[in-house]
Amino acid sequence: MPEQSPLDLTEGDPFGPHNLPYGVFTTADEPGRRRLGVRIGDHVLDAGAAAHALGSPYAALLAQPSLNPLLAAGRTAWRDVRRALTAWVTVPAHRPDIEPLLRPLGEVTLHLPYEVADYVDFYASEHHATNVGRIFRPDGDALTPNWKHLPIGYHGRSGTVVVSGTDITRPAGQRKAPADPAPVFGPSVKLDIEAEVGFLVGTPSELGRPVPLASFRDHVFGLTLLNDWSARDIQAWEYVPLGPFLGKSFATSVSAWVTPLEALDAARVAPPARDLPLLPYLDDGSDEEPGGFDLHITVRINGETVSEPPFSTMYWTAAQQLAHMTVNGASLRTGDLYGSGTVSGPEVHQRGSLLELTWNGQEPLELSTGKRTFLEDGDEVTLTAWAPGPDGTKVGLGEVTGRITPAR
Ligand code: MN
């Protein structure tokens with residue numbers, strides 16, 4: 001009996017040929033040589049070597065240590081490369097060339113697959129923004145007056161975006177509760193997560209020229225899971241009046257896999273109905289393609305599920321965020337990454353942060369590893385997600401994981 005091929009996947013594998021996310025890997029025998037890989041089942045295909053073996057015109061684009069050249073190549077190239085990859089892993093005649101270029105995932109090291117240019121984070125879940133407003137501003141309106149008129153965001157720190165699996169050092173900083181007479185300095189005692197989705201820009205834009213809603217697919221290559229680690233005590237003291245700073249900038253974790261938007265056509269859904277009319281540059285009421293994505297996220301702490309946030313409930317879409325981010329003429333660069341904002345659904349078990357899940361520590365979670373208000377040293381947080389794919393399949397979005405190590 002012939003040995004089973006890694007390309008013979010179990011039916012319903014969320015990493016089948018309908019998915020094909022991109023990553024960057026090294027092998028133990030050549031730890032210094034980063035290569036572009038495409039995930040198929042529990043294996044990674046050396047994309048550059050495959051392109052070379054099959055005489056593909058995309059060999060130069062794929063034989064790279066980073067996704068950036070492919071990101072910069074634009075939407076037509078993205079489509080053509082995906083078509084080629086799909087053929088390589090599905091057409092039986094290619095198997096003798098492709099099979100030797102597949103490595104088991106367990107035998108490779110995955111790296112941050114792109115160089116992050118600018119990093120922006122939004123605040124697009126009405127449920128999250130309402131919960132945070134109630135916790136931080138109990139005497140005021142939960143939503144600020146601008147919230148339903150524009151997607152609120154801030155510029156974060158691109159240099160501290162790290163790949164899944166990277167340990168997170170507990171940050172130290174200033175904190176001061178309202179009743180405290182003076183600020184104190186020390187390791188954060190309210191270290192938190194934010195379950196988010198990151199959108200990765202491929203095609204740059206010209207300085208001075210806004211990117212309209214309809215051009216979203218021309219600029220955004222794909223999406224990835226993102227954990228916006230947040231020190232709530234540092235954040236609460238520092239954020240007025242200029243927004244998040246050191247409470248966020250110490251680390252942001254992303255999945256090692258980038259799922260191309262083309263794999264998510266079956267996951268597009270209409271966003272929730274808007275309560276207020278939108279200015280024309282944000283009004284997506286007549287757009288042909290629905291702006292939302294039906295992504296099902298799971299948050300685990302030390303292996304235990306604590307939340308299942310539904311991305312389909314996000315008020316602002318990624319296309320609206322892109323349009324807003326550029327409406328003043330700010331240009332896009334290849335490798336720009338923007339986070340959706342914490343994904344929280346209407347239900348308690350759908351909240352995407354511990355701040356909300358424990359109501360700022362007042363209602364601890366009962367885990368098998370003990371009570372949790374915020375994260376303890378040694379805790380490991382993992383986000384996973386899936387989306388509906390074509391013909392009843394599921395598209396796996398991989399995972400983003402990180403373990404908390406003590407402050408230094
Ligand atoms: Mn965030």
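**Metal site, helices and cores of the model**

Asp121 counts as buried, at just 1% relative accessibility; here buried means under 20% relative accessible area, exposed over 50% and partly exposed in between, with a 1.4 Å probe and protein chains only. The structure is a predicted model, in which local features need pLDDT of at least 70, side-chain atom pairs count only at pLDDT 80 or more, and totals for chains, interfaces and linings use all residues. Residues are numbered from 1 along each chain as its sequence is written, and side-chain values use heavy atoms, with hydrogens and water left out.

Asp121 is one of the protein donors of a manganese ion, together with Glu194, Glu196 and Asp228. Asp121 and Asp228 offer OD atoms, while Glu194 and Glu196 offer OE atoms, lying 2.1 Å from the ion. Donors are N, O and S atoms within 2.8 Å of the metal (3.2 Å for Na, K and Ca), and since water is not among the atoms, sites may look incomplete. Along the chain, the donor residues follow the spacing D-x72-E-x1-E-x31-D. Asp121 sits in strand E6 (residues 119-122) and Glu194 in the loop between strand E12 (191-192) and strand E13 (195-201), so this pair ties together parts that are 73 residues apart in sequence. Helices (H or I, at least four residues) and strands (E, at least two) are DSSP runs, numbered from the N terminus. Like Asp121, which is buried, Glu194 is tucked away, with a relative accessible area of 4%.

Glu194 also turns up beside His128, a residue in helix H6 (residues 126-136). Leaving aside neighbours within four places in sequence, His128 is in contact with Tyr123, Glu194, Thr342, Ser344, Ser353 and Glu356, where contact means heavy atoms within 4.5 Å. His128 is buried too, with a relative accessible area of 2%. An unreviewed UniProt entry annotates His128 as "active site"; such annotations use the numbering given here, have shortened feature names, and may be inferred rather than shown by experiment.

Next come the cores. A nonpolar core is a set of buried Ala, Val, Leu, Ile, Met, Phe, Trp, Tyr and Cys residues joined through side-chain atoms within 4.5 Å. The largest one has 61 residues, and Phe199, Phe216 and Tyr338 touch the most other members. Helix H9 (residues 318-326) supplies the largest share of this core, five residues. Not counting residues up to four places away in sequence, Phe199 touches a long list that includes Phe216, Val220, Leu223, Phe293, Phe311, Ala318 and Tyr338. There is also a second, separate core of 36 residues, with Leu7, Ile40, Ala51 and Ala84 among them. As a rule, nonpolar side chains in soluble globular proteins tend to be buried together.

Helix H9 deserves a closer look. Nine of its nine residues are buried, so H9 is largely enclosed by the rest of the structure. What covers them includes E6, E13, helix H7 (216-219), strand E14 (220-227) and strand E22 (337-339). The buried residues of H9 include polar ones such as Gln320, Gln321 and His324. Gln321 has a relative accessible area of 1%; apart from neighbours within four places in sequence, Gln321 is in contact with Phe122, Ala124, Pro151, Trp316, Tyr338, Gly339 and Ser340.

Helix H4 (residues 75-90) paints another picture. Its 16 residues should span 22 Å at 1.5 Å a residue (1.5 Å times one less than the number of residues), and the end C-alpha atoms are 23 Å apart, which agrees. Buried in H4 are Ala77, Trp78, Val81, Arg82, Ala84, Leu85, Trp88 and Val89. These residues cover an arc of only 165° around the axis, which puts them on the same side of H4; the arc is that of the directions from the helix axis to the C-beta atoms. An α-helix has 3.6 residues a turn, so residues three or four places apart point the same way.

Some loops hold backbone oddities. The peptide bond from Val240 to Pro241 is cis, with omega near 5°, and Pro241 is found in the loop between helix H8 (232-238) and strand E16 (252-254). Trp359, which is not a glycine, has a positive phi near 50°; Trp359 lies in the loop between helix H10 (354-357) and strand E23 (365-367). Asp391 likewise has a positive phi, near 55°, in the loop between strand E25 (380-388) and strand E26 (394-405). Asp391 is exposed, with a relative accessible area of 80%.
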